[in-house]
Amino acid sequence: MDNSKTARVCRNGHVKKVVAHPSARNDNKWSVYEGNAYCGRCGEEIINKCECCDSLIGLQSDWNKDFNELPNNCKKCGTAYPWVDPIEKNEEREGKFIEIDDKEIDGHFYPSTVYEANLCYRVKADHATLILTRKLIENLLLDIIRKHVSMTNVHVFFDTEQRQHASFGELIDAFKERTDEFQQYFTVEEEDIVDKIYRIKYDGDASAHSIEERVDADDLESISDDVTYVVKVLFRLRREVETAHRG
Ligand SMILES: [Zn+2]
Ligand SMILES: [Zn+2]
């Protein structure tokens, strides 16, 4: 029987007390209605019922194997429990757009941008995915070029009159002009990468500026490999340039 066990669980999913479901036993020595109000681990409120229909939280369990699994949804009304990740609730697509482990990237801006682009991809927020990806690549190019050229060539990445950063297009051009120089760090198929960046820029521009040219979902899935390739190469180049100019 599925609902043979019930539990008190904090809103983050820490199971506090597992007891037999009232319908499965007569003695109420251990009641699911009694216990601490807040979780000792995370401080969240502890609940014992679905917040939508008030039915007790039924665990997927096996008495013999002492196995308890917290369900994602209430079996009575289907509502997702509060410990279910909101992205998971709305997930429409599996996998990552940028196949990189964000934990392996240093700093704050880069890992969080990769993480957010991948979250947007999972809920099919396609325009947001592309805009974040565009932002990521734009920043990587700026970082690489800035570290590579000396400060005397400041106009390359900084429009001194406007006091504004160069546009994405200008950054790609500046990157393209230096493809030969970048070979000192490691060999990249430069032609290939510049073409791929232009393609991503095109899709990113369409998302950021125009309602007419909508990017369709299949399109986004088809460029995931290219985006991953470009971002990996740029992260590596950024690391190499940084190391080369440190000493
Ligand atoms: Zn907790
Ligand atoms: Zn319910």
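Me: Is C42 buried, partly exposed or exposed in this predicted model?
Reply: In this predicted model, C42 is one of the protein donors of the zinc ion (ligand 1), through its SG atom. Buried residues have under 20% relative accessible area and exposed ones over 50%. Because the relative accessibility of C42 is 32%, the residue counts as partly exposed.

Me: Is C39, which also donates to the zinc ion (ligand 1), buried or exposed?
Reply: C39 offers its SG atom to the zinc ion (ligand 1). The limit for a buried residue is under 20% relative accessible area, and C39 has a relative accessible area of 5%, so C39 is buried.

Me: What is the arrangement of the donor atoms around the zinc ion (ligand 1)?
Reply: The protein donors are C10 (SG), H14 (ND1), C39 (SG) and C42 (SG), which lie 2.0 to 2.3 Å from the zinc ion (ligand 1), and along the sequence these residues are spaced C-x3-H-x24-C-x2-C. Four donors count as tetrahedral if all angles lie between 85 and 135 degrees. Among the 4 donor atoms here the angles are 102 to 117°, and the site is tetrahedral.

Me: Which spacing do the donors of the zinc ion (ligand 2) follow along the chain?
Reply: The zinc ion (ligand 2) is coordinated at 2.3 Å by the SG atoms of C50, C53, C74 and C77. The 4 donor atoms subtend angles of 103 to 114°, and therefore the arrangement is tetrahedral. Along the chain, these donors follow the spacing C-x2-C-x20-C-x2-C.

Me: Is C74 buried or exposed?
Reply: C74 coordinates the zinc ion (ligand 2) through SG, as does C77. C77, at 36% relative accessibility, counts as partly exposed. For C74 the relative accessibility is 4%, and so C74 counts as buried.

Me: How many charged residues are in the lining of the largest pocket?
Reply: The largest pocket has a volume of about 190 Å³. Its lining includes the acidic-side-chain residues E99, D101, E104 and D106, together with K232, R236, R238 and R239, while I100, I105 and F235 also line the pocket. By class, the lining has 3 nonpolar residues, no polar ones, and charged residues numbering 8.

Me: Is T129 buried or exposed?
Reply: T129 lies in helix 3, which spans residues 126-148. Leaving aside neighbours within four places in sequence, T129 is in contact with F97, A117, C120, Y121 and L220. Since its relative accessibility is 0%, T129 counts as buried.

Terms used. Residues numbered from 1 in each chain as written. Chains lettered and ligands numbered in written order. Predicted model: local features only at pLDDT ≥ 70, side-chain atom pairs only at ≥ 80, totals over all residues. Heavy atoms only, no water. Donors = N, O, S within 2.8 Å, 3.2 Å for Na, K, Ca; no water. Tetrahedral: all angles 85-135°; square planar, octahedral: opposite > 155°, others 65-115°. Buried < 20%, exposed > 50% of the residue type's maximum accessible area, 1.4 Å probe, protein only. 1 Å grid on protein atoms, 1.4 Å probe; cavity = no way out; pocket = protein on both sides within 12 Å on 5 of 7 lines; lining within 4 Å. Points joined across faces, edges and corners; volume = space filled by probe spheres on them. Nonpolar A, V, L, I, M, F, W, Y, C, P; charged D, E, K, R; others polar. Helix = DSSP H or I, 4+ residues; strand = E, 2+ residues; numbered from the N terminus. Contact = heavy atoms within 4.5 Å.
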